[in-house]
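This report goes through one protein model and the ligand placed in it. Please have the coordinates open while reading.

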Amino acid sequence: MLGTVIRNYDSKDSKEVLVLAEKYASWDTTPTEADLGGFWSSDPELFLVAEVDGKAVGFLVGRESRDMSDEVLRRRGATKAGSIETLAVDAQYRRRGIATDLLNKVFDLFRQRGVDYVSLAVPAEEEGARRLYEKLGFRERAYFLSRKL
Ligand SMILES: CC(C)(COP(=O)(O)OP(=O)(O)OC[C@H]1O[C@@H](n2cnc3c(N)ncnc32)[C@H](O)[C@@H]1OP(=O)(O)O)[C@@H](O)C(=O)NCCC(=O)NCCS
């Protein structure tokens, strides 16, 4: 999107990103400031922020996954896996291509590292996110089920 800067997360973003995380990315757990610090220190290049007029209005955390065996990767026609851990865009800035820009940036970084397979989980109620990922070529592979006893 015009006027959006996609850049790496910086510790000075923590307050703004924490607000976004609490508001929009609190699915099973609400990310804490320590979680953000953990993402950053484990792989700073894959922690991205979308900035508009000096404000962080979206963020994405990617990860190189090492938990998929070579056998599973081979069956999927891939050699190296990555995942999208979390992605959120401020409601006031949606439908302007910001999530798409964040995802395309992380895909470029993944490709540079030889990552050729990307997976993620989407909360069932996030219809918009499902549409977004479908548009970008993702296909459903599983349903996570739960019930209250
Ligand atoms: C999902 C989310 C990140 C999308 O951010 P965004 O910046 O608005 O996404 P984009 O503008 O890049 O959308 C690209 C395309 O995805 C689809 N899309 C995105 N949001 C949609 C919605 N609410 N309804 C239908 N389609 C949607 C559209 O095809 C859209 O293209 P279009 O606007 O030209 O029609 C944002 O809605 C959000 O933060 N949601 C809450 C948190 C969440 O669900 N995170 C993802 C879980 S992993």
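The sections below cover a set of paired strands and then the surroundings of the ligand.

## Model basis

The structure is a predicted model. Residue numbers start from 1 along each chain as its sequence is written.

## Strand S3 and its burial

Strand S3 spans residues 55-65, and 8 of its 11 residues are buried, so S3 is largely enclosed by the rest of the structure. Buried here means that 20 or more other C-beta atoms lie within 10 Å of the residue's own.

## Partners of S3

Strand S2, residues 47-52, runs antiparallel to S3 and is joined to it by 6 bridges. One residue pair in this contact is Glu51 with Ala56, the latter lying in S3. S2 and S3 form a hairpin with 2 residues between the strands, and in this hairpin Asp53 adopts a positive phi near 50°.

S3 also pairs with strand S4, residues 81-89; these two run antiparallel and share 8 bridges. Within S4, Ile84 is the bridge partner of Gly62.

## Ligand shell

The ligand is surrounded by 20 residues. The closest are Arg94, Ala99, Thr100, Gly128 and Arg131. Sorted by class, the shell holds 11 nonpolar, 3 polar and 6 charged residues.

Which elements each supply at least two residues of the shell? They are S4, helix H4 (98-112) and helix H5 (127-135). H5 gives the most, with 5 residues. S4 thus appears twice in this report: as a strand joined to S3, and as a contributor to the shell around the ligand.

Note on methods
This is a predicted model: local features need pLDDT of at least 70, side-chain atom pairs count only at pLDDT 80 or more; totals for chains, interfaces and linings use all residues. A residue is buried if 20 or more other C-beta atoms lie within 10 Å of its own, exposed if 12 or fewer, and partly exposed in between; C-beta atoms are placed from the backbone. Helices (H or I, at least four residues) and strands (E, at least two) are DSSP runs, numbered from the N terminus. Two strands pair if DSSP finds at least two bridges between them. A residue is near a molecule or strand if its C-beta atom, placed from the backbone, lies within 6 Å of it. Ala, Val, Leu, Ile, Met, Phe, Trp, Tyr, Cys and Pro count as nonpolar, Asp, Glu, Lys and Arg as charged, and the others, Gly among them, as polar.
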